[in-house]
Amino acid sequence: MAAALPTIENVKKAAGEFKEWTRLVIADDSGKIIHTTFKADSKEIKEFLSAFDDRSKTIAKGISLDGTHYVLHRWTDTVTYGRIGKPGELVGVCLHKVINEKTKKPMYSAITWGGIGTSARVVPEFQSFCKKHVVSL
C-alpha cells in the first residue's frame with residue numbers, strides 16, 4: 001500500500017502535536033500563503049523570501065510576523081530565529097526554508113512559541129516537522 005500523499009489536513013494534524021507553537025504559516029517561493037493558523041499579512045510573508053540572501057541584513061533587520069517585530073540572533077542558509085520580550089515572558093520566532101520535493105523551489109515556514117519553550121528544543125522540532133511535512137506539499 002502506498003504512503004498517503006501529504007495534504008494540508010495532514011500538516012494541520014501534525015502541527016497540532018506541538019502545543020507550544022502559537023502561530024504557524026507556510027508559504028511558497030512567491031510568498032503565496034499555503035497554510036496559516038492566524039490572519040497572516042502577505043507583506044510580512046513576502047519579506048521571508050529574501051531572509052536567506054544576506055545574513056548581516058537579515059540579522060540587522062529582524063522579521064515581523066502577525067504585526068510583531070522579532071530580533072534575530074541566529075542565522076544559517078536555511079533557518080533563522082530569535083525572540084522578543086524579557087525572561088519569563090519571551091516569545092520566540094523561527095523561519096525555516098526548505099526545498100519542495102516536487103517543484104524543487106523554496107518553501108518558507110515560520111512559527112512562534114512562548115511559555116517554557118526554548119529555541120534549543122523548539123527549533124530542531126520545527127526543522128524536523130518541515131523536513132517531514134512541508135517539503136512534500
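Let us start with the loop between β3, residues 63-65, and β4, residues 68-75, where Asp66 lies. I should say at once that this is a predicted model. Asp66 has a phi near 55°, a positive value in a residue other than glycine. That deserves a remark, because most residues other than glycine have a negative phi. As to its surroundings, Asp66 is partly exposed, its relative accessible area being 32%.

A second residue belongs beside it. Lys104 is not a glycine either, yet its phi is positive, at about 65°. Where is Lys104 found? Its place is the loop between β6, residues 91-99, and β7, residues 106-113. Is Lys104 buried or exposed? With a relative accessible area of 60%, Lys104 is exposed, since the cut-off for that class is over 50%.

A positive phi also appears in a hairpin, this time at a glycine. The hairpin is formed by β1 and β2, with five residues between the strands, and Gly31 there takes a positive phi near 90°. Strand β1 covers residues 21-27 and strand β2 covers residues 33-36; the two pair in the antiparallel sense over three bridges. Within this pairing, Ile26 stands opposite His35 in β2.

I turn now to the helices, beginning with α3, residues 55-61, which contains Ile59. Which residues does Ile59 touch, leaving aside its neighbours within four places in sequence? The contacts are Leu72, His73, Arg74 and Trp75. These can be placed on the chain: strand β4 spans residues 68-75, so the contacts of Ile59 fall within that strand, given their numbers. For one of them, His73, there is also a backbone distance: the C-alpha atoms of Ile59 and His73 are separated by 6.5 Å, although the two residues are 14 apart along the chain. Ile59 has a relative accessibility of 21% and therefore counts as partly exposed, because the buried class requires a value under 20%.

His133 makes a useful companion to Ile59. This histidine is found in helix α4, residues 119-134. At 18% relative accessibility, His133 counts as buried. Beyond its neighbours within four places in sequence, His133 is in contact with Val11 and Ala14.

With these local features in place, let me describe the whole chain. How many helices and strands does the secondary structure of the protein chain comprise? There are four helices and seven strands. Read from the N terminus, the elements follow the order α-β-β-α-α-β-β-β-β-β-α.

On overall dimensions, the C-alpha trace spans about 50 × 30 × 25 Å along its principal axes. The radius of gyration is 14 Å, which agrees with the value near 14 Å that a compact globule of 137 residues would have. Of those 137 residues, 41% are buried. Turning to contacts between residues at least 6 apart in sequence, 44% join residues at least 24 apart.

Finally, the surface and the charges. The protein chain exposes about 7,800 Å², and carbon and sulfur atoms supply 54% of that area. How far apart are the mean positions of the 21 positive and 15 negative charges? The separation is 1 Å.

To close, I return to the two loop residues: Asp66, with its phi near 55°, and Lys104, with its phi of about 65°.

Technical notes. Residues are numbered from 1 along each chain as its sequence is written. This is a predicted model: local features need pLDDT of at least 70, side-chain atom pairs count only at pLDDT 80 or more; totals for chains, interfaces and linings use all residues. Side-chain values use heavy atoms; hydrogens and water are left out. The radius of gyration is taken over C-alpha atoms; the globule rule is 2.2 Å times the number of residues to the power 0.38. Buried means under 20% relative accessible area, exposed over 50%, partly exposed in between (1.4 Å probe, protein chains only). Contact means heavy atoms within 4.5 Å. Accessible areas come from the Shrake-Rupley method with a 1.4 Å probe; for residues, only the protein chains shown count as cover. Lys and Arg count as positive and Asp and Glu as negative; His and the chain ends are not counted. The place of a charge is taken as NZ of Lys, CZ of Arg, CG of Asp or CD of Glu. Two strands pair if DSSP finds at least two bridges between them.
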